[in-house]
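Open the model in a viewer with selection by residue number switched on. The tour below goes stop by stop.

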Amino acid sequence: MNQIPIDPQNAIPVQPYGQLHDSRRLWSRRVHDLTPYIPGEQPRNRRFIKLNTNENPYPPAPGVLTALHQYPFEQLKLYPDPTGQVLRQTIADYYGLIPRQVFTGNGSDEVLAFAFQAFFNAWENQGDARPADRDCIVFPDITYSFYPVYARLYQIPYRLLPLADDFSIPVAELAAPSTGIVLANPNAPTGMALPLAAVRELAAADRHRLVLVDEAYVDFGAESAISLIPEFDNILVVQTCSKSRSLAGLRVGFAFGNTHLIEALERVRDSFNSYTLDSLAQTCANASFLDGAWFEANRARLIATREETAAALGELGFRVLPSAANFLFVTHPDWPAADLYHALREQGILVRHFRLPRIEQYLRISIGTAEEMAELIRVLTVIGTGTAG
Ligand SMILES: *Cc1c(COP(=O)(O)O)cnc(C)c1O
């Protein structure tokens with residue numbers, strides 16, 4: 001299996017399995033060998049302008065607050081509806097689907113984890129031989145770093161497809177023989193989106209292979225592959241309430257696809273935990289989809305702020321990748337990214353820096369409010385002047 005470290009900062013002290021003398025000797029081999037995902041920092045002790053985890057800077061829709069206030073308190077004593085019927089109907093109506101084409105889960109991370117189990121096979125080890133490329137699932141070398149974590153957890157052989165030098169996805173190469181394709185669209189942390197035609201090309205290349213499209217950021221300017229579902233039974237689209245709906249704390253994600261794909265996800269869920277979505281989460285997510293006016297206005301102002309910020313960063317000499325997401329991926333020819341990260345942190349602004357090959361000179365900056373982004377530009381201007389002087 002591919003053994004590229006996900007995050008060098010995250011290296012588990014490597015001791016051979018079975019040779020630990022503390023309680024870790026009780027760990028399963030699988031836990032011993034894991035390299036868990038590290039989420040962005042959630043500071044508790046200091047107030048930062050928080051531009052590091054792509055949360056939405058604005059509150060959830062007012063309709064969500066109303067739903068919370070009207071929530072029948074007594075209902076908490078009952079188990080939630082395991083099928084999430086009300087929420088699935090609302091979302092199905094919203095996207096022109098039927099409820100059986102909709103799966104709901106505890107954040108899209110959980111939905112993705114279920115999808116890896118439902119559609120990709122574990123490596124049946126036959127000696128030490130590495131699986132051939134065509135026997136691996138494939139995703140870009142620069143993408144959401146949870147994908148390799150899931151692949152390793154479920155022992156699914158994977159291969160990384162290098163992005164082009166401009167960080168675009170070489171679609172024809174991604175379509176080459178494999179056992180599955182995982183695609184974040186827009187991609188993270190680049191923010192760059194593939195057009196719908198490219199996603200269609202991937203699905204059409206081999207209908208015996210699933211194309212898993214993670215659309216965590218699609219509402220900020222990319223084309224959703226949901227429209228391809230009637231034509232392709234091998235596309236599964238995953239979305240979340242965490243980013244565009246300001247509900248990261250609620251933990252609600254979705255999958256959309258052919259009813260048989262949804263059935264597979266239900267089979268995994270019901271072999272693990274029938275109640276992944278609590279009833280408060282179902283109620284609030286439902287209210288969020290019913291409050292469409294707020295959603296449209298909110299994403300429009302975020303996109304406007306993104307474009308203003310990109311222009312201002314450009315004037316400071318940054319190279320800014322074209323973003324269809326609620327973040328910008330930027331690099332500066334003269335300012336090392338690690339130094340900038342620390343300088344910003346000292347000034348109370350948190351951004352994300354990945355110490356990874358190819359992108360260590362980049363910062364990922366989430367789009368906050370217009371005021372927060374103005375402050376970012378002000379601080380960067382001061383830092384820049386300091387560097388020059
Ligand atoms: C944020 C993010 C997710 C996870 O979102 P949750 O629904 O909060 O679990 C999934 N994929 C990508 C690419 C993301 O950036």
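Is N54 buried or exposed? N54 is buried, because its relative accessible area is 1%, where buried means under 20% relative accessible area, exposed over 50% and partly exposed in between, with a 1.4 Å probe and protein chains only.

Before going on, note that residues are numbered from 1 along each chain as its sequence is written. The model is predicted, so that local features need pLDDT of at least 70 and side-chain atom pairs count only at pLDDT 80 or more, while totals for chains, interfaces and linings use all residues; side-chain values use heavy atoms, with hydrogens and water left out.

**Stop 1: N54 and N56**

Keep N54 selected and show its backbone. N54 is in the loop between β1 and α2 (62-70); helices (H or I, at least four residues) and strands (E, at least two) are DSSP runs, numbered from the N terminus. The phi of N54 is positive, near 60°, and N54 is not a glycine. Most residues other than glycine have a negative phi, and most peptide bonds are trans.

Add N56, which is in the loop between β1 and α2 as well. N56 is buried, because its relative accessible area is 11%. Draw a distance from the C-alpha of N56 to that of E266: the two residues are 210 residues apart along the chain and their C-alpha atoms are separated by 29 Å.

**Stop 2: R46**

Select R46, in the loop between α1 (29-33) and β1 (49-50). R46 counts as partly exposed because its relative accessibility is 39%. Now add G348. R46 and G348 are 302 residues apart in sequence, with 8.4 Å from C-alpha to C-alpha.

**Stop 3: the ligand**

Which residues surround the ligand? Select G107, S108, D109, Y144, D214, A216, Y217, T240, S242, K243 and R251; a residue is near a molecule if one of its heavy atoms lies within 4 Å of it. By class this shell has three nonpolar, four polar and four charged residues. Here Ala, Val, Leu, Ile, Met, Phe, Trp, Tyr, Cys and Pro count as nonpolar, Asp, Glu, Lys and Arg as charged, and the others, Gly among them, as polar. Colour helix α4 (residues 107-119) separately, since that helix gives the largest share of the shell, three residues.

Next, show the side chains of T240, S242 and R251. A polar side-chain atom of T240 lies 2.5 Å from an oxygen atom of the ligand. For S242, a side-chain N or O atom is 2.6 Å from a ligand oxygen, and for R251 the corresponding distance is 2.7 Å. The protein covers 93% of the 390 Å² of accessible area that the ligand has on its own, by the Shrake-Rupley method with a 1.4 Å probe.

**Stop 4: two cis peptide bonds**

Where is P186? Go to the loop between β5 (180-184) and α7 (196-205). The bond between N185 and P186 is cis, with omega about -5°. P189 lies in the loop between β5 and α7 too, and a cis peptide bond joins A188 and P189, with omega about 5°.

**Stop 5: Q155**

Select Q155, in the loop between α5 (146-153) and β4 (158-161). Q155 is not a glycine, yet its phi is positive, about 60°. Q155 counts as partly exposed because its relative accessibility is 34%.

**Stop 6: L277**

Finish at L277, in the loop between α8 (259-269) and α9 (279-290). L277 is buried, because its relative accessible area is 4%. For a last distance, add L196: L277 and L196 are 81 residues apart in sequence and 30 Å apart in space, C-alpha to C-alpha.

Key. Polar contact = N/O pair within 3.5 Å; in protein donor to acceptor, adjacent residues only side chain to side chain.
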